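Me: I am new to this structure and would like a close look at one part of it. Please show me how its pieces pack, and explain the terms as you go.

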Amino acid sequence: MSTVVAKSPASSLAQSARPSFLGLIQGELIKLSRQWLTWLMVLCLVAGTILLHFIIASNSSTHTNIATNSPQFFYSEMNMTLFVLRVFGGIFLMILMGLMIGMEYQNGTIRIILARGVGRVQLLLAKLTAMLIVGIELFVVGVLFNALLMLITLYSQGGNISIINKMPAEVWNNIGIYLYTVAISFAVTILMAATVSVLGRSLAFGMSVALAWFAVDNIGSLFLYLAHGFTKQQFFLDVTAYLLGPILNVMPKALLPNTLDITVTFSPFVKVDGPHTLWVALAYAVAFLVISIGVIWKRDVHE
């Protein structure tokens, strides 16, 4: 004798109403697109990039480099434009990541989402994936927009597209390496902002800690240098080689040839090579990912 247990209409309806992972990602992207702050920051990035290229075009050395078909024109463009994209694009991603997670806790919407059968880890991964998509879009659009403005600068200074064909392959290889470091910086920044937001469960905490992280890292390296001056202990200088902010700052210079003049704001007070910067960035990325998943998996949502 067998017994057939039919699914209740309520359970079938609840299962069908549960959002899919792709649906969660789409929902996060829609929410970001409806935030006025998102478009305000996009406008600031666009305006700042245009202003930067205007400054580059106004520099007398730009006209000289173009007239002599010098690779320095492309290296100057790379150094200034990609530096700005890395720094201010990172701030853009930090703020959006803090908003994406912090607003759920502040508005209490996270309880509604979880009540629909979405797992906490699934929700976090959806948010990270959505922000990764935003980061890729920012990276691609930012690079293309800078390339367009570079061509405008090139033509405005009496140059033509033939200068591009005259550049050795090494120039494009070096620019590609710098782009690679920008992408790494974006990825680690997203994971850092997500981790502090998950830990704080607050919009104010997540935003403030994320925005202060690199400032504390960079300024902290100066205090470590002062501690070395007072104590003469090499340990304080060695620590600066493992701070995330200085490592991301020095990564382009560490990976590119020493002959290139690469802008570095705060860097470690000991010499580091390219592989070291990559391993440290990877270690931070893995740590951020593990901590954020572990915390949201273990801690229930009560508020």
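Reply: What follows sets the scene briefly and then turns to helix packing.

This is a predicted model, in which local features need pLDDT of at least 70 and side-chain atom pairs count only at pLDDT 80 or more, while totals for chains, interfaces and linings use all residues. Residues are numbered from 1 along each chain as its sequence is written, and side-chain values use heavy atoms, leaving out hydrogens and water.

The chain has 13 helices and zero strands (DSSP runs numbered from the N terminus: H or I of at least four residues for helices, E of at least two for strands). Its C-alpha atoms fill a box of roughly 90 × 55 × 40 Å along the principal axes. Of its 303 residues, 43% are buried (under 20% relative accessible area with a 1.4 Å probe, protein chains only; exposed is over 50%, partly exposed in between).

Let's start with helix H4, residues 60-67. Its buried residues are Thr62, Asn65 and Ile66. They cover an arc of only 100 degrees around the axis, so they lie on the same side of H4 (the arc is taken from the directions from the helix axis to the C-beta atoms). Ser60 and Ala67, on the other side of H4, are exposed. The buried residues of H4 pack against H3, H5, H7 and H8 (contact means heavy atoms within 4.5 Å). After H4 comes Asn69, with a positive phi near 55 degrees.

H7, one of those partners, also meets H2. The axes of H2 (residues 21-33) and H7 (residues 120-156) come within 9 Å and cross at roughly 55 degrees (axes are lines fitted to C-alpha atoms, for helices over the stretch in contact, with angles from 0 to 180 degrees between N-to-C directions). H2 and H7 are therefore oblique to each other (under 35 degrees is roughly parallel, over 145 roughly antiparallel, 65 to 115 roughly perpendicular, the rest oblique). Their crossing is right-handed (the near helix is turned clockwise from the far one by less than a right angle; anticlockwise is left-handed).

Among the H2 residues in this contact are Phe21, Leu24 and Ile25, and H7 brings residues including Leu123, Ala126 and Ile133. By class, the residues of this contact are twelve nonpolar, two polar and three charged (Ala, Val, Leu, Ile, Met, Phe, Trp, Tyr, Cys and Pro are nonpolar; Asp, Glu, Lys and Arg charged; the others, Gly among them, polar).
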